[in-house]
Amino acid sequence: MSGPSRPRPADDAHHGCAARATALHADAFGTPHACLGCASGRVNLIGDHIDYAGGPVLPMALQERTWVAIGSARGGIDLFVSEWRDDVASSPTIGSDASGWQRYAAGVLAELRALAYAIPPVTIAVASDVPVGAGLSSSAALEVAVARAALELIGAAMPARELALLCQRAEHLHAGTPCGIMDQWCVTHAQPGEAILLDCAALASVPVALPRGLAVDIIDSGVRHALRDGGYAARRADVEDAARLLGIARLAELPEARWHEIDGLPPRIARRARHVVRECARVRAAVEALAADDLARFGGLLLESHASLRDDFDVSTPEVDALVERFGGEGALGARMTGGGFGGCVIVARRA
Ligand code: GLA
């Protein structure tokens, strides 16, 4: 898979994906859908595992999108179907019990209803060009696409900021992943192909122009993670422990003059903390490098980020490391894992 570094005209694949969602809806439920919602995946250029520490991150929305076709269900329950592998292994699974991916969709509906949005029982069909579990934010794309479709169904709208926070809450409460805000924010605020610098403490973002001479490829390791299997939550807990031990609310607030205090933390917590404070600095340096068209510096920062996620944060895998070695060296500017880790994709920066 390859991800362009800047917007390109909408291509047929997106219409194809929307068409797949509508066809799936008609096939599975025997009724036409009432409306559609969609959302992009995202790739994070730099700044991983620092959003929940209040750090700055530099994600980019993908051209690849998830589409949701929605209608009103005749019975009293929500029904879900998707074209994902689990479902198509036999005939499409339709169920009201929210398990697997359905928890994300059901969670969003539950959170909308909790805010008194009068969403009736719905039929939901999902088609997606965002690879699942690849670190490209298929979860946030699904959540936001479901929310947009459900709001459209009742003729309601919600500001992007509230939408992002609602989808994050759905993931926390219904899918059990204590994620940060990067994915839902990027998906609700960035145009496809647009990179943004997001301050996760202030919850404010600005677009970041990528130099014309930069290309970013996305390579899928094929290794699939489950962020919910505890690794992600454990990392977040370590980072929060570090902040608590250092007497600050969020680790990203630690000024450089106090970085030496990290050495006094228990060894594992110290390694996590070292990653966080340095990764925050790398994001700021990366934004400066992009503004100065210093592509070599940008690539170097990607490599440093990867080494830190591998050695201090322990979220890479041998397969992902091998891809970074293979593609990030000669001929490229740099490479790194992207997203939550435990498998998934690497990004490779090169001269266009
Ligand atoms: C996942 C989470 C994000 C973020 C990344 C790692 O994608 O959903 O909030 O923490 O991992 O940067």
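At what angle do helix α4 (residues 138-153) and helix α6 (residues 182-189) pack? The views below take that up, then move on to another helix pair and the ligand.

This is a predicted model, where local features need pLDDT of at least 70, side-chain atom pairs count only at pLDDT 80 or more, and totals for chains, interfaces and linings use all residues. Residues are numbered from 1 along each chain as its sequence is written, and side-chain values use heavy atoms, leaving out hydrogens and water.

**View 1. Helices α4 and α6 pack together.** The angle is about 50 degrees, and the axes sit 9 Å apart. (Axes are lines fitted to C-alpha atoms over the stretch in contact, with angles from 0 to 180 degrees between N-to-C directions; helices are DSSP runs of H or I, at least four residues, numbered from the N terminus.) So α4 and α6 count as oblique, the class left over once under 35 degrees is roughly parallel, over 145 roughly antiparallel and 65 to 115 roughly perpendicular. The crossing is right-handed, meaning that the near helix is turned clockwise from the far one by less than a right angle.

**View 2. Helix α9 (residues 295-311) crosses helix α10 (residues 318-328).** Here the axes come within 11 Å and the angle is roughly 160 degrees. That is why α9 is roughly antiparallel to α10. This pair makes a left-handed crossing.

**View 3. The ligand has 13 residues around it.** Asp48, His49, Asp51, Asp183 and Tyr232 are the closest. (To be near, a residue needs a heavy atom within 4 Å.) By type, the shell has 5 nonpolar, 4 polar and 4 charged residues; Asp, Glu, Lys and Arg count as charged, Ala, Val, Leu, Ile, Met, Phe, Trp, Tyr, Cys and Pro as nonpolar, and the others, Gly among them, as polar.

Notes:
Helix = DSSP H or I, 4+ residues; strand = E, 2+ residues; numbered from the N terminus.
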